[in-house]
Amino acid sequence: MPSLDLIGLVVADIGRSRAFYRHLGLEFPEDAEGHGHIETTLSGGLRIAIDTEETIRSFDPDWSPPSGGHRTALAFRCDSPSDVDRAYQELLDSGARSYKAPWDAAWRQRYAQVADPDGNIIDLFAPL
């Protein structure tokens, strides 16, 4: 049976996205060879990759970004409800766009959402 090994994000500007995700603790290497692809491996072995739109179009010339809303969200667990608020504000201070300000969700979590530079939604959460 297949196993999940990599989550891929398509971005317009690899450097801008690399800087954004650094604020969330993800350390991507430089795209030293200019291939439009970078990736990092998380502690559990799952990999996250960032590919430029040009890279995707190199093998899928008809690809176009989704429109009308997001289809993917990456959720980052924070240590406490106050860490959700802190992380949310730090991301806004670094240039991220707010999608939904922190709130206490009905499912007993402090929750907030920001959009990455390409409009992908980033969830921040912690148990209440």
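## Exercises on strands β5, β6 and β7

Strand β5 (residues 97-104) and strand β6 (residues 109-115) pair in the antiparallel sense over five bridges; two strands pair if DSSP finds at least two bridges between them. Helices (H or I, at least four residues) and strands (E, at least two) are DSSP runs, numbered from the N terminus. The model is predicted: local features need pLDDT of at least 70 and side-chain atom pairs count only at pLDDT 80 or more, while totals for chains, interfaces and linings use all residues. Residues are numbered from 1 along each chain as its sequence is written, and side-chain values use heavy atoms, with hydrogens and water left out.

**Exercise 1. Describe the hairpin of β5 and β6 and the backbone of Arg-108.**

Step 1. Begin with the bridge partners: Asp-104 stands opposite Arg-110 in β6, and Lys-100 stands opposite Gln-113.

Step 2. Go to the turn. Four residues lie between the two strands, and Arg-108 is in this loop.

Step 3. Read the backbone angle. Arg-108 has a positive phi near 65° although the residue is not glycine. Most residues other than glycine have a negative phi.

Step 4. Check the accessibility. Arg-108 is exposed, with a relative accessible area of 55%; exposed means over 50%, buried under 20% and partly exposed in between (1.4 Å probe, protein chains only).

**Exercise 2. State how β6 is covered and how it pairs with β7.**

Step 1. Count the buried residues: seven of the seven in β6.

Step 2. Sort them by direction. Gln-109, Tyr-111, Gln-113 and Ala-115 point one way, and Arg-110, Ala-112 and Val-114 point the other way.

Step 3. Find the pairing. β6 and β7 are antiparallel over seven bridges, and Tyr-111 has Phe-125 in β7 as its bridge partner.

Step 4. Look at the connection. The hairpin has five residues between the strands, and Gly-119 takes a positive phi near 90°.

**Exercise 3. Find what surrounds Asp-123 and what its side chain contacts.**

Step 1. Place the residue: Asp-123 lies in strand β7 (residues 121-127).

Step 2. Look for an opposite charge. Asp-123 is buried and has no salt bridge, and the nearest side chain of opposite charge, Lys-100, is 11 Å away. Lys and Arg count as positive and Asp and Glu as negative; His and the chain ends are not counted. A salt bridge needs a side-chain nitrogen of Lys or Arg within 4 Å of a carboxyl oxygen of Asp or Glu.

Step 3. Look for a polar partner. The side chain of Asp-123 makes a polar contact with the side chain of Gln-113 at 2.9 Å. Such a contact is a pair of N or O atoms within 3.5 Å; within protein, one must be able to donate a hydrogen and the other to accept it, and residues adjacent in sequence count only if both atoms are side-chain atoms.

Step 4. List the neighbours. Beyond four places in sequence, Asp-123 is in contact (heavy atoms within 4.5 Å) with residues including Ala-73, Phe-76 and Tyr-111.

**Exercise 4. Analyse Asp-51 by the steps used for Asp-123.**

Step 1. Asp-51 is found in strand β3.

Step 2. Asp-51 is buried without a salt bridge, and Arg-47, the nearest side chain of opposite charge, is 9.5 Å away.

Step 3. Not counting residues up to four places away in sequence, Asp-51 touches Leu-9, Val-10, Val-11, Gly-36, His-37 and Ile-56.
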